[in-house]
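Work through the following exercises with the sequence and the coordinates at hand, and try each task before reading its solution.

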Amino acid sequence: MAPEAPALPPAAQAAAGRRPLPELLRAYVALTKPRIIELLLITTIPVMFLASGGVPPLGTVLATLAFGTLAAAAANAINCYIDRDIDAKMRRTRRRPLARAQVTPTEALVFGIALAVASTVGFLLTVNAVSAAGAAFAILFYIFVYSLLLKRRTAQNVVWGGIAGCMPVLIGWTAITGELAWTPFVLFGVVFLWTPPHTWTLAMRYREDYAVAKVPMLPVVAGERRVVVESLVYTYATVACSLLLWPVAGMGPVYGGVAVVLGLVFLAEGHRLLKAVRAGVTGVHLRPMRFFHLSNVYLALLFTAVAVDPLLH
């Protein structure tokens with residue numbers, strides 16, 4: 001468990017009891033990390049189109065999105081509880097609700113647990129048991145394996161911890177079919193391989209933050225050249241896995257063409273980073289956030305092609 005954060009001073013405790021409702025609601029929403037949830041949903045909906053071979057049932061889509069959002073929100077809120085000590089030290093996270101004493105640690109923990117229960121029960125009642133189990137696994141893995149076991153101990157934290165972020169792919173598929181197959185596992189692999197370079201380039205930008213918080217992200221414990229080389233290796237693996245979906249799922253030319261073009265652009269940006277670091281460019285001048293933002297675009301467009309291809313093929 002994360003180190004116990006110091007108790008709030010009496011003035012802060014008194015202020016906490018007089019929080020305006022709109023401010024309190026914003027704080028609870030912030031605990032769920034909405035931007036991360038958006039990224040997870042980007043991978044869920046297209047897989048449901050692929051599993052259906054066309055437009056999936058609207059009711060199933062809405063239920064999966066609703067309870068999938070609750071599952072991700074639960075994991076994020078409990079992660080905020082666990083990481084409240086390091087969030088207060090990092091510039092990127094010091095405005096989160098617990099770091100600013102907008103909610104208490106107990107409130108954040110209870111909120112996260114309530115969301116987790118609501119998500120699991122909701123999936124059981126409105127979707128199916130397989131998807132409910134997937135959502136519960138994702139929450140528990142993110143909390144106990146990533147947040148508590150890996151994050152503060154190893155530079156491989158986001159490699160294996162990223163498994164939790166891959167689960168929406170399997171949940172979306174099983175919500176439609178009720179069972180697993182090779183196709184969603186290929187897309188699971190795409191997200192799994194995509195996560196390290198995506199996260200490491202962000203960590204390059206905020207390296208000092210992670211160093212101060214003593215979180216051993218790869219850019220903290222390794223030189224920039226190694227980070228860029230390993231990121232490029234994972235980028236090649238991501239593109240290769242995305243192309244594997246073409247024969248495995250019997251995708252049409254729309255997906256194939258999009259995957260090839262996106263892959264070439266993604267790899268070109270990785271090679272730009274490698275060329276820059278070999279030329280002695282360092283720090284912010286490497287522009288790692290350019291790769292980070294492009295990786296978001298890559299994943300969004302690739303999964304859009306996953307959804308569109310069954311409608312045209």
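Helices here are DSSP runs of H or I with at least four residues, numbered from the N terminus. The model is a predicted one.

**Exercise 1. Placing a threonine**

Task: Determine in which helix T195 lies, whether T195 is buried or exposed, and what the side chain of T195 reaches.

Solution: Begin with the location, which is helix α10 for T195. Next take the relative accessible area of T195, which is 12%; since buried means under 20%, T195 counts as buried. Then follow the side chain of T195, which reaches the backbone oxygen of V191 at 2.7 Å. Finally, when the neighbours within four places in sequence are left aside, the contacts of T195 are with V158 and G162.

**Exercise 2. The pairing of α10 with α13**

Task: Describe how helix α10 and helix α13 pack, giving the angle and the distance between their axes.

Solution: Two packed helices are described by the angle between their axes and the distance between the axes. For α10, residues 182-205, and α13, residues 224-248, the angle is about 160 degrees and the axes are 8 Å apart. Because angles over 145 degrees count as roughly antiparallel, α10 is roughly antiparallel to α13. The hand of the crossing of α10 and α13 is left-handed. Sorted by class, the residues in the contact of α10 with α13 are 18 nonpolar, six polar and two charged.

A residue on the α13 side can now be examined. S231 lies in helix α13 and, at 4% relative accessibility, is buried. Not counting residues up to four places away in sequence, S231 touches P197 and W200.

**Exercise 3. The pairing of α13 with α15**

Task: Work out how the axes of α13 and α15 are oriented to each other, and which residues of the two helices meet.

Solution: The axes of α13 and helix α15, residues 288-312, come within 12 Å and cross at roughly 5 degrees. Because angles under 35 degrees count as roughly parallel, α13 and α15 are roughly parallel to each other. From α13, the residues T235, T238, V239, S242 and L245 meet F291, Y298, L302 and V306 of α15. By class, the contact of α13 with α15 holds six nonpolar residues, three polar ones and no charged ones.

**Exercise 4. A valine of α10 and its contacts**

Task: Find which residues V190 is in contact with, leaving aside its neighbours within four places in sequence.

Solution: Start from the position of V190 in helix α10, and note that V190 is buried, at 0% relative accessibility. The contacts of V190, with those neighbours left aside, are T238, C241, S242, L299 and L302. Among these partners, T238 and S242 also take part, from α13, in the meeting with α15, and L302 does so from α15. As for L302 in particular, its C-alpha atom is separated by 9.9 Å from that of V190, although the two residues are 112 residues apart along the chain.

For another valine, V233, the place is in helix α13, and V233 counts as exposed at 52% relative accessibility. V233 is 177 residues from P56 in sequence, and the C-alpha atoms of these two residues are 35 Å apart in space.

**Exercise 5. The pairing of α6 with α7**

Task: Give the orientation of α6 and α7 to each other, and the hand of their crossing.

Solution: First, the axes of α6 and helix α7, residues 129-150, come within 7 Å and cross at roughly 160 degrees; α6 and α7 are therefore roughly antiparallel to each other. Second, the crossing in which α6 passes α7 is right-handed. Third, A116, S119, T120, F123 and L124 in α6 meet A129, S131, A132, A135, A136 and I139 in α7. By class, this contact of α6 with α7 has eight nonpolar, three polar and no charged residues.

**Exercise 6. Positive phi values**

Task: Explain why the phi values of K33 and A101 deserve a second look.

Solution: Most residues other than glycine have a negative phi. K33, however, is not a glycine and has a positive phi of about 55 degrees; K33 lies in the loop between α2 and α3 and is buried, with a relative accessible area of 10%. A101, likewise a residue other than glycine, has a positive phi near 60 degrees. A101 is found in the loop between α5 and α6 and is partly exposed, with a relative accessible area of 21%.

Technical notes. Residues numbered from 1 in each chain as written. Predicted model: local features only at pLDDT ≥ 70, side-chain atom pairs only at ≥ 80, totals over all residues. Heavy atoms only, no water. Axes fitted to C-alpha atoms, helices over the stretch in contact; angles between N-to-C directions. Parallel < 35°, antiparallel > 145°, perpendicular 65-115°, else oblique. Left-handed = near helix turned anticlockwise from the far one by under 90°. Nonpolar A, V, L, I, M, F, W, Y, C, P; charged D, E, K, R; others polar. Contact = heavy atoms within 4.5 Å. Buried < 20%, exposed > 50% of the residue type's maximum accessible area, 1.4 Å probe, protein only. Polar contact = N/O pair within 3.5 Å; in protein donor to acceptor, adjacent residues only side chain to side chain.
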